[in-house]
Amino acid sequence: MEQAKKTVRKDDLLFCGAPHLFIAHEKSEGKWAEDAKVNCNIATAYFELLCNAHGLGTAIMSYPAEVLNELAPDARQMLGVPKNHYMGLIIGFGYPETTYARGVQKERGRKIHRYSSSI
Ligand SMILES: Cc1cc2nc3c(=O)[nH]c(=O)nc-3n(C[C@H](O)[C@H](O)[C@H](O)COP(=O)(O)O)c2cc1C
């Protein structure tokens, strides 16, 4: 993390200089506590693909979530995440500065693909 601080992290060890953050969180207590974790993590994965499909760059980050959870509860509260909510992954997103291959590759003018089969 320290090695990359001056390059991709842009002096921002936690959030990698991302201009926007997406944080999925949900009440996580009692019988369905584990479901909340699954829901949040699925929502996070889908959000990354959604961003990529629209040409936005993303970085999934667990480290800053851990820092907010363990070391900076005030900052977590400031972000509006209630104490009884699960929050495990954060996505930094924005217009990418570099071109790179992502999970979703799309030609902007050809967003709909149709397949037909005679079977
Ligand atoms: C669950 C998960 C947690 C991650 N946490 C962090 C993190 O806290 N900080 C970070 O810089 N990258 C983190 N990464 C890695 C980045 O999201 C990204 O995948 C990695 O930088 C590789 O980038 P690339 O897909 O462009 O090769 C995490 C990845 C995953 C899947």
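Me: Which residue has a backbone N or O atom 2.6 Å from an oxygen atom of the ligand?

Reply: Good place to start, and please keep in mind that this is a predicted model. A pair of N or O atoms counts as a polar contact within 3.5 Å, and here the distance is 2.6 Å. The protein side of the pair is a backbone atom of I60.

Me: How far is a nitrogen atom of the ligand from a polar backbone atom of S62?

Reply: Let's take Y63 along for the ride: one of its polar backbone atoms is 2.7 Å from an oxygen atom of the ligand. For S62, the ligand atom is a nitrogen, and the distance is 2.9 Å.

Me: What percentage of the area that the ligand exposes alone does the protein bury?

Reply: Picture the ligand taken alone, when it exposes 620 Å². The part of that area buried by the protein is 47%.

Me: Which element supplies the largest share of the shell around the ligand?

Reply: Two elements, β3 (57–61) and α2 (63–70), each supply at least two residues of the shell. The largest share is 3 residues, and they come from β3.

Me: How many residues of the shell around the ligand are nonpolar?

Reply: The shell includes R9, C16, I60, S62 and R102. It has 2 charged residues and 1 polar one. The nonpolar residues number 7.

Me: How does C16 count: buried, exposed or partly exposed?

Reply: C16, one of the residues around the ligand, is found in the segment before β1. It has a positive phi of about 55° although it is not a glycine. Its relative accessibility is 22%, and values between 20% and 50% fall in the middle class. So C16 counts as partly exposed.

Me: How many aromatic pairs are there?

Reply: Ring centres must lie within 6.5 Å of each other to pair. With that rule, the count is 2.

Me: Why is the pair of F22 and F47 stacked, rather than edge-to-face?

Reply: The centres of these two rings are 3.9 Å apart. Planes under 30 degrees apart count as stacked, so F22 and F47 qualify, because their planes meet at 5°.

Me: How many residues apart are F22 and F47?

Reply: This pair links distant parts of the chain. F22 belongs to strand β1 (residues 20–23) and F47 to helix α1 (residues 33–53). Their separation in residues is 25.

Me: Is F47 buried or exposed?

Reply: Its partner F22 is partly exposed at 21% relative accessible area. Buried means under 20%, and the value for F47 is 16%. So F47 is buried.

Me: What kind of aromatic pair do F47 and F93 form?

Reply: Their ring centres are 5.1 Å apart, with 75° between the planes. Angles over 60 degrees have their own class, and this pair is edge-to-face.

Me: How many residues apart in sequence are the parts that F47 and F93 tie together?

Reply: F93, which counts as buried at 17% relative accessibility, lies in strand β5 (residues 90–94), while F47 lies in helix α1. F22, F47 and F93 form one aromatic cluster. The parts that F47 and F93 tie together are separated in sequence by 46 residues.

Me: What pattern does the protein chain follow along the sequence?

Reply: Let's step back to the whole chain, which has 3 helices and 5 strands. Of its 119 residues, 28% count as buried. Read along the sequence, the pattern is β-β-α-β-α-α-β-β.

Definitions and conventions:
Residues numbered from 1 in each chain as written. Predicted model: local features only at pLDDT ≥ 70, side-chain atom pairs only at ≥ 80, totals over all residues. Heavy atoms only, no water. Phe/Tyr/Trp six-rings, centres within 6.5 Å; stacked < 30°, edge-to-face > 60°. Helix = DSSP H or I, 4+ residues; strand = E, 2+ residues; numbered from the N terminus. Buried < 20%, exposed > 50% of the residue type's maximum accessible area, 1.4 Å probe, protein only. Near = heavy atom within 4 Å. Polar contact = N/O pair within 3.5 Å; in protein donor to acceptor, adjacent residues only side chain to side chain. Areas by Shrake-Rupley, 256 points an atom, 1.4 Å probe, with all protein chains shown as cover. Nonpolar A, V, L, I, M, F, W, Y, C, P; charged D, E, K, R; others polar.
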